[in-house]
Amino acid sequence: MSDKAKFTKGPWEFVRANQSPTSGERLIRAQRSHGYLAEVRDCGSGSADANARLIAAAPELYGLLLEARAGLDQQYNVSLCADIDKVLAKARGES
């Protein structure tokens, strides 16, 4: 299975503090980059920090899932393989 992902390569990091007073403080950026990929806001759930950490882990999670999928033998769990394929396609913008 080839990796057709076009998102910014990881690793990403959760940057808790931003110097700009006009934007939020839960920011995601690619390491070795000065720009930001995303800002995570709290919409009343109180989970903004946890959400930001999950988003920052996305490239590594994607890579591990891709690797795990490549190693699965479809005869054991066809449904799981199909579900993994759907999630990987979603991450690539194919669904």
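**Pairs, bridges and a pocket**

Student: Why is Arg69 called buried?

Tutor: Arg69 has a relative accessible area of 7%. Buried means under 20%, so Arg69 counts as buried. Keep in mind that this is a predicted model.

Student: And what makes Arg69 and Asp85 a salt bridge?

Tutor: Look at the closest N and O atoms of the two, which are 2.8 Å apart. The cut-off is within 4 Å, so the pair passes. Asp85 sits in helix H3 and Arg69 in helix H2, 16 residues apart, and the pair links distant parts of the chain.

Student: Is Asp85 buried, exposed or partly exposed, and how do you know?

Tutor: Asp85 comes out at 26% relative accessibility. Buried would need under 20% and exposed over 50%, so Asp85 is partly exposed.

Student: How many salt bridges are there?

Tutor: There are 5 in the structure. One of them joins the side chains of Glu13 and Arg29, at 2.7 Å from N to O. This pair also links distant parts of the chain, with Glu13 in strand E1 and Arg29 in strand E2, 16 residues apart.

Student: What makes Glu13 and Arg29 partly exposed?

Tutor: Glu13 has 23% relative accessibility, and Arg29 has 24%. Partly exposed lies between the 20% and 50% cut-offs, so both Glu13 and Arg29 get that label.

Student: How do you know that Glu39 and Arg41 form a salt bridge?

Tutor: Use that 4 Å limit again. The closest N and O atoms of Glu39 and Arg41 are 3.4 Å apart, so they form one. As for exposure, Glu39 is partly exposed at 29%, whereas Arg41, at 59%, is over the 50% cut-off and therefore counts as exposed.

Student: On to the rings. Why is the pair of Phe7 and Trp12 called edge-to-face?

Tutor: In general, a pair of aromatic rings is described by the distance of the centres and the angle of the planes. For Phe7 and Trp12, the distance is 6.4 Å and the angle 80 degrees. Centres within 6.5 Å make a pair, and planes over 60 degrees apart make it edge-to-face, so the name fits Phe7 and Trp12.

Student: What about Phe7 and Tyr62, what type of pair are they?

Tutor: Their ring centres are 5.1 Å apart and their planes stand at 85 degrees, so this pair is edge-to-face. Phe7 is in the segment before strand E1 and Tyr62 in helix H2, so the pair ties together parts that are 55 residues apart in sequence. Ring pairs link Phe7, Trp12 and Tyr62 into a cluster.

Student: Which of Phe7, Trp12 and Tyr62 are buried, and how do you know?

Tutor: Try the 20% cut-off on each. Trp12 has 16% and Tyr62 has 7%, so Trp12 and Tyr62 are buried. Phe7 has 26%, so Phe7 is partly exposed.

Student: What puts Lys9 over the face of Phe7?

Tutor: Part of the test is a distance within 6 Å of the ring centre. Lys9 is at 5.6 Å, and it does lie over the face of Phe7.

Student: Last one: which class of residues lines the largest pocket, and how do you know?

Tutor: The count by class is 9 nonpolar, no polar and no charged. The lining includes Phe7, Trp12 and Tyr62. Helix H2 gives the largest share, 5 residues, and the pocket holds about 150 Å³ of space.

Technical notes
Residues are numbered from 1 along each chain as its sequence is written. This is a predicted model: local features need pLDDT of at least 70, side-chain atom pairs count only at pLDDT 80 or more; totals for chains, interfaces and linings use all residues. Side-chain values use heavy atoms; hydrogens and water are left out. On a 1 Å grid over the protein atoms alone, a cavity is a set of points where a 1.4 Å probe fits but cannot get out, and a pocket is an open set with protein on both sides within 12 Å along at least five of seven lines; lining residues have an atom within 4 Å of a point. Grid points are joined across faces, edges and corners, and a volume is the space filled by probe spheres set on the points. Helices (H or I, at least four residues) and strands (E, at least two) are DSSP runs, numbered from the N terminus. Ala, Val, Leu, Ile, Met, Phe, Trp, Tyr, Cys and Pro count as nonpolar, Asp, Glu, Lys and Arg as charged, and the others, Gly among them, as polar. Rings of Phe, Tyr and Trp (its six-membered ring) pair if their centres lie within 6.5 Å; planes under 30 degrees apart count as stacked, over 60 as edge-to-face and the rest as tilted. Buried means under 20% relative accessible area, exposed over 50%, partly exposed in between (1.4 Å probe, protein chains only). A charge sits over a ring if NZ of Lys or CZ of Arg is within 6 Å of the ring centre and within 35 degrees of the ring normal.
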